[in-house]
Structure formats: C-alpha cells, structure tokens
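Let's take a walk through this fold, one sheet at a time. Have the structure open and turn it as you read.

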Amino acid sequence: MKIVIVGGGKLAYYLIKTLKPSRHNITLIEQVIDTSSRIASDFEEVSVYNGDGTNIQVLEEVGCHDADFFVAVTGKDENNLVACEIAKLKFNARVTVARVNNPKNSEIFGRLGIDKVFSGTQLLADIIEQEIDYAGMRIVFDIPNTTKSIVEFELAPNSAAVGKTLSEFTFPGLSKVVMLTRADGTVEMPSGSLLMQACDMILLVCDEREYNQVWKTLVHHERSSKEKPANPLAKERV
C-alpha cells in the first residue's frame, strides 16, 4: 500500500512506527531538515524527503501519483488542507486524510472534499462525552449528522416501565427500544408485546433533549443522600 505523509512531528513518527514500514510503501515529506534526518535514520525503509508538502513540484518529485493514502499532519491546518487538495485533484490520491488542530475547521475541510478529517481535541472530547453525566446511563453511539444517539442503561426496579410491554409504556419523545438483554443474558428484539423487567439492559434510540426524561423515568431510582450522583448535565454540542 502506498502511503504519503506530510509533516514529521510526533504524530507522524508514531504513525509510521505503528503502520510498520516493512509492510507498506511509506513516503514522508518534512520541511525541517533535522526532523527529516532523524526519521530517515530511525526508519530506513521509509522514503524521507526534505521539502514543502504543499508544493506541487515537491509532490511530483517524491512520487505522489495514485497514493492509496495521502495523510497531512503538519501543525498548520491551512497547510494540511492545501496539501490534501493538491493530492486529490492533481495526483489522484485515493483517500486524503487531514489533521485539524482547531476542531472548528473540521466541517469546512469536509465540505472542501477532504475524505477523512480528524482532530485530537475532538477525539478527546468525544471520549469524555460518551460517558454522559447521568449515573447508570451512557451513550453507546452518536448517530452522525443528527442530535440522536443510542444510549444504554439498566432498567431501574422501581421504574414505571417494569411489568409493561413496549406498546403499553409511553417512552419520552420519539424514543425507541433497539434491543433488550435480560439479566440472564438472553437477547430480545423489540416488539409491541415484549414485557420489560427490572434490571433489563436496554439499548434505546433517543434525542439528546430526551436524556433527562429517559434517565428520570427509566434509570434513576432513589438512593441515600451519600449515594446520590451529581445533578445531571445535558450534553453540549459546539
């Protein structure tokens, strides 16, 4: 597999190390000569070039044509964008991947045709957001381009849903049960006649505006003052 990487910082260094150069045809372009020299010394099987990865002539000289992956991970978002656009439009790169240092740039990168965009800041924020502040309930999956998610929780013994079928119980908003797992591990697929039992593990599709109501009616149960969790906070989206 042909992989071209622009930028020779720590991210590129450990990316090369993880990809194992012996298994791929990896080319790296870096402007700082000391950095490119160090990578060339540490990875003998990697083709390392000292130059500007946003320069068409440089990309031509290092053989960027028809790269399977063109990855731009410099410290400047504008350079990553330009490099990926040139690779896509001029050199027919199959997949372009750009690092964004400012998460707010992610959307514009996507609109401008970059195939894959990632932000270390956003990845960390997403990890934290997956564990939302409602004790006993967590986000399993955010549905792309919507405000809906799949959440997982154990049905509280004193919930009004216990002993009712899916068709009998009124779920918050337009929430829908995706799957239900009994305490003994038996998996049940949703149907109107499915009876909910205490301690069932439920996967539910709901809107982020319904988190609080889902938590109150299906998950939360009274505890002693020492055990009560902090007040739940709705997840904010930037």
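Before we start, one bit of vocabulary: two strands count as paired if DSSP finds at least two bridges between them. Keep in mind, too, that what you're looking at is a predicted model.

With that in hand, go to strand 9 and strand 10. These two form a hairpin, with 5 residues between them. Look into the turn and you'll find Gly-185, which has a positive phi of about 95 degrees. The two strands run antiparallel and are joined by 2 bridges. One match to pick out is Thr-181, which stands opposite Val-187 in strand 10.

Now zoom out from the hairpin to the sheet it belongs to. This is an open sheet of 5 strands with antiparallel pairing, and the order across it is 7-8-11-9-10. Strand 7 and strand 10 (187-188) sit at the edges with a single partner strand each, so one side of each has no neighbour in the sheet.

Follow the order inward from the hairpin and you reach strand 11. Strand 9 (residues 176-181) is joined to strand 11 by 5 bridges, and the two run antiparallel. Here Met-179 stands opposite Leu-203 in strand 11. On to strand 8: strand 8 and strand 11 (residues 201-207) pair in the antiparallel sense over 7 bridges. Val-151 has Leu-204 as its bridge partner in strand 11. While you're looking along these strands, it helps to remember that side chains in a regular strand alternate between the two faces of the sheet.

There's also a helix to add to this picture. Helix 7 (residues 211-219) lies across strand 7, strand 8 and strand 11, and runs at about 20 degrees to strand 8.

What about charged contacts? The structure holds 8 salt bridges. One of them pairs Glu-152 with Arg-138, with the closest N and O atoms 3.0 Å apart. Glu-152 belongs to strand 8 (residues 148-154) and Arg-138 to strand 7 (residues 137-142), so this pair ties together parts that are 14 residues apart in sequence.

Time to move over to the parallel sheet. Here 6 strands form an open sheet with parallel pairing, in the order 3-2-1-4-5-6. The edges are taken by strand 3 (47-50) and strand 6 (116-118); each has a single partner strand, so one side of each is left without a neighbour in the sheet. On average, neighbouring strands of this sheet are turned by 15 degrees against each other, direction ignored.

For a close-up, try strand 1 (residues 2-6) and strand 2 (residues 25-30), which run parallel and are joined by 5 bridges. Val-4 stands opposite Thr-27 in strand 2. Helix 4 (residues 77-89) packs on this sheet, where it touches strand 4 (69-72) and strand 5 (95-99). The direction of helix 4 makes about 175 degrees with that of strand 5.

Last stop: the second largest pocket, which holds about 240 Å³ of space. It is lined by 21 residues, and the closest to its centre are Gly-7, Glu-30, Gln-31, Thr-74 and Gly-75. Which elements supply at least two residues each to this lining? Helix 1 (10-19) and strand 2 do, and helix 1 gives the most, with 3 residues. Sorted by class, the lining has 6 nonpolar, 10 polar and 5 charged residues.

Terms used:
Residues numbered from 1 in each chain as written. Predicted model: local features only at pLDDT ≥ 70, side-chain atom pairs only at ≥ 80, totals over all residues. Heavy atoms only, no water. Helix = DSSP H or I, 4+ residues; strand = E, 2+ residues; numbered from the N terminus. Axes fitted to C-alpha atoms, helices over the stretch in contact; angles between N-to-C directions. Contact = heavy atoms within 4.5 Å. 1 Å grid on protein atoms, 1.4 Å probe; cavity = no way out; pocket = protein on both sides within 12 Å on 5 of 7 lines; lining within 4 Å. Points joined across faces, edges and corners; volume = space filled by probe spheres on them. Nonpolar A, V, L, I, M, F, W, Y, C, P; charged D, E, K, R; others polar. Salt bridge = Lys/Arg side-chain N within 4 Å of Asp/Glu carboxyl O.
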